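Student: I am new to this structure and would like to go through it slowly, asking at each step what a term rests on. Could we start once it is in view?

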Amino acid sequence: MRLITKAATVGFASLLALSVSATSFSSDAAAAWKPQKPVEFVIMAGKGGGADRLARFIQGIIKKHGFASLPFVPINKGGGSGAEALRYVRDKAGDPHVIMATLNSYYTTPLRNPGLGVDISKFTPIARMAEDTFQLWVSSDTKIMNVEQYVAAVKKAGMANWKMGGTGKGAEDSLVTAMLEKTYGFQVTYIPFKGGGTVAKQLIGKHINSTVNNPSEQMGFFQAGKSRPLATFTPNRLKVFPNVPTFRELGHDLVYFMQRSVVAPPGISKDAQAYYVGVFEKVYQSKEWQTYLTKKGLLPGWLTGDKLTSYFVKEREAHRKLLASMGEIK
Amino acid sequence: MDVLAALMDGFFIAFEPLNLGLVIFGCMAGLFIGAMPGLGSVNGVAILLPMTFLVPPTSAIIFLAALYYGAMYGGAISSIMLGIPGASTAVATTFDGRPMALKGMADKALVGAAAASFVGGTISIILFTAFAPPLADVALAFGPPEEFALMMLAFATFIGLGGDDIPKTFFSIFIGLVMSSVGLDIISGNPRLIFMDLPGFYHGINFLVLAIGIYGIGEMLWTVEQAKGDVIVTKVTVTVRGIIEALKDLRKTKKVMFMGSILGFFVGILPAAGATPGSLMAYGVARTMSKDPDSFGKGNIEGVVAPEAANNAASTGSMLPMLTLGIPGSPTTAILLGGMVIWGLEPGPMLFIEHKEFVWGLIASLYAANFFALAINIAFVPAFMMVLKMPFTILAPIIFILCIVGGFAPTQDMHDVWLMLVFGVMGYLMRKLDYPLAPMVLAIVLGPLAEASVRQSLMMSHGSFATFFERPISGTIMLIAIGLFAWPIFSTVRKRFRSGAYGAEG
């Protein structure tokens, strides 16, 4: 085993050297602050989920183009719907070598666990990279072609026989489902699954009747003609789905987004903040990121600085109301 | 015929010098990463993914797939030689691999593991080549009730047959189930059983922490007591003839190998399961099939062959839902999937149509990776055997350090290291008191899957258990599982009856 260990160490060392040399040609003379060691890129979700894939995609773009002088190392802290990650980043106050990719549990988790002692308005905002969108999906084997038929079908089936799949209770999908129920006055049986990809699969396998997946989660099945979007929870139609109406067009103000942002611990220096904003701006403008946004039906949503913080605070209040109306919090 | 033509094209891609070189390098790197406790294919693929931007996407996935494969082979090495599971997928290999090494049959165990991995890998690639699209439909047909039925079957294989004390087996399973429910309830999102309010318990008890603790540390404590500092195994000569003999001996295990491969493949293609449950189930079934179940856990080669065939088969199997449905069948494929997005490839039903050369290049390179991993592995057997020549006073601290690193690496949290040490002491005590450890490990792996699927099923059926029997697939699996559960009662009654009859005669 000593042999193996040694060989493995040598292997790792050479790989590390290789990866460093691959990125070291990026020069950033203008920035006053630069990381002194690899940056911890905390992910608020477990390995393999949508948030994880997106964060690793961002890391890939940084690496591929050499946008940062030192590597960004993804670390998953998905425990407690991101509670673990939030607490970790809070406790790293002032440490400029930690950043975190967020999703909407950034609001809901501190609201549901006040004992966590996390106030997101104190975190250092870096950038909002995109807003992910939601659509109402059914299997293409059904005869349901529009929302009107959908509502009729759900009401006819009754709560016991209409299964809506989604991610965990209190998570985004369940909030969107609650909004639908309230607006159209029906009730469904909500079945939580581990991640959006699994939810999509359950719909195609006909174990559930409908979902509120992100377009990216259903895209493959949609292209293969296996699923059908009925309407979109956005103000305007998505470019990739020009024929799918929005709920607003149908007369109901149902709009919900999943923010995809990056934040840093509270109290890091202005220079460090500026450095990260610079890195993520390059990612945001990269061809890969822009292509991904268009192809997967995400909306561009570049936002930084105080504007981003006030956006977070506004969204937190909106989620407080949503959760309260669902009886999830008091 | 189309398939064969496409596969031939794939071979041309796989045998391009760059790709072939990457296959060999990937296998080597994977072997070492897999052999390092705590570092498994997930970490290997995650660490090396960014490196792949230097080459075209097809070459990149070929490299990562070879790495994934190599890691599956490598995991067995530390399981057998040190008793520390090299990766979660190799935990079942420790059950019999380690006892074999202690009996001086380490070469046989290593060769058996490598050969079984080869067979498992090859059978599953053939299945993959021939039936990928229809098999994707099988994966889709598995909803929550079917998943739960499958979990019941897995538990049944561990209780149903075999010589272990049945009450102790139950106890071990229940302890495992309790530990598997620590952390966040996936349905309601509420924290459960957070011992002493320690934040580290929020992410649950990592299965690998438990496995490294009870096998690595527990085993070490046990050996310290037994060996008192001596070289544990004196007979460590390795000869080419010995290896050939070992390969020949494996013909006896071909049934188990075949079973492990098929089972592993099917468990692998079901999203949510993956190679770890597959290998544990294969171990359970091998024991069920065996004429001599009592010898399992004490160094039966079938106990090494079955899980190793299954974990390699499952690793290929789990690429199927990734490529055809865009859903990863295991944590490693989840990261591969992330890579594909960066390369601009869209996994899912369209991939086979739009990026033929990518898919077939990958499949062909899996054949090649399998072959090279086997060759490299066998070539290194003598080097691995050196480990056993070390006196235990030197080996024990090495094992200890590797366990600590292995406990820390996956989550990078000291909490897990402390927890692992606690499990180590617990494992030692359970061993001393003769409690079976394998059922506990099985329970902590399958517990969360079983819990989620049973709750989802019951929510869908509004509390009716009939749902598990009404659906054809889950009903069939359930009936087999119940049969296996009932078997020990039946056989005990039969034994009593027989001995009673003999008594009457005498």
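**Where two domains meet**

Tutor: In this predicted model, 15 residues of domain 1 of chain A are in contact with 10 residues of domain 2 of chain A.

Student: What makes residues of the two domains count as being in contact?

Tutor: Contact requires heavy atoms within 4.5 Å, and 15 residues of domain 1 and 10 residues of domain 2 of chain A are in contact on that basis.

Student: Which residues are assigned to each domain of chain A?

Tutor: The domain assignment gives 32–132 + 258–325 as domain 1 of chain A and 135–232 as domain 2, and the centres of the two, taken over C-alpha atoms, are separated by 28 Å.

Student: Why is the area between domain 1 and domain 2 of chain A called buried?

Tutor: Buried area is the accessible area that two parts lose on being put together, summed over both, and therefore the term applies to the about 940 Å² between domain 1 and domain 2 of chain A, 59% of it on carbon and sulfur atoms. In domain 1, the residues that lose the most area to domain 2 are A:Asp132, A:Lys296 and A:Leu322, together 40% of what that side buries.

Student: How many salt bridges and how many residue pairs in polar contact are counted between domain 1 and domain 2 of chain A?

Tutor: Between these two domains of chain A the count of salt bridges is zero, whereas two residue pairs are in polar contact. A polar contact needs a pair of N or O atoms within 3.5 Å.

Notes. Residues are numbered from 1 along each chain as its sequence is written. Chains are lettered from A and ligands numbered from 1 in the order in which they are written. This is a predicted model: local features need pLDDT of at least 70, side-chain atom pairs count only at pLDDT 80 or more; totals for chains, interfaces and linings use all residues. Side-chain values use heavy atoms; hydrogens and water are left out. Domain bounds come from an automatic or database domain assignment. Buried area is the accessible area (1.4 Å probe) that two parts lose on being put together, summed over both. A salt bridge is a side-chain nitrogen of Lys or Arg within 4 Å of a carboxyl oxygen of Asp or Glu. A polar contact is a pair of N or O atoms within 3.5 Å; within protein, one must be able to donate a hydrogen and the other to accept it, and residues adjacent in sequence count only if both atoms are side-chain atoms.
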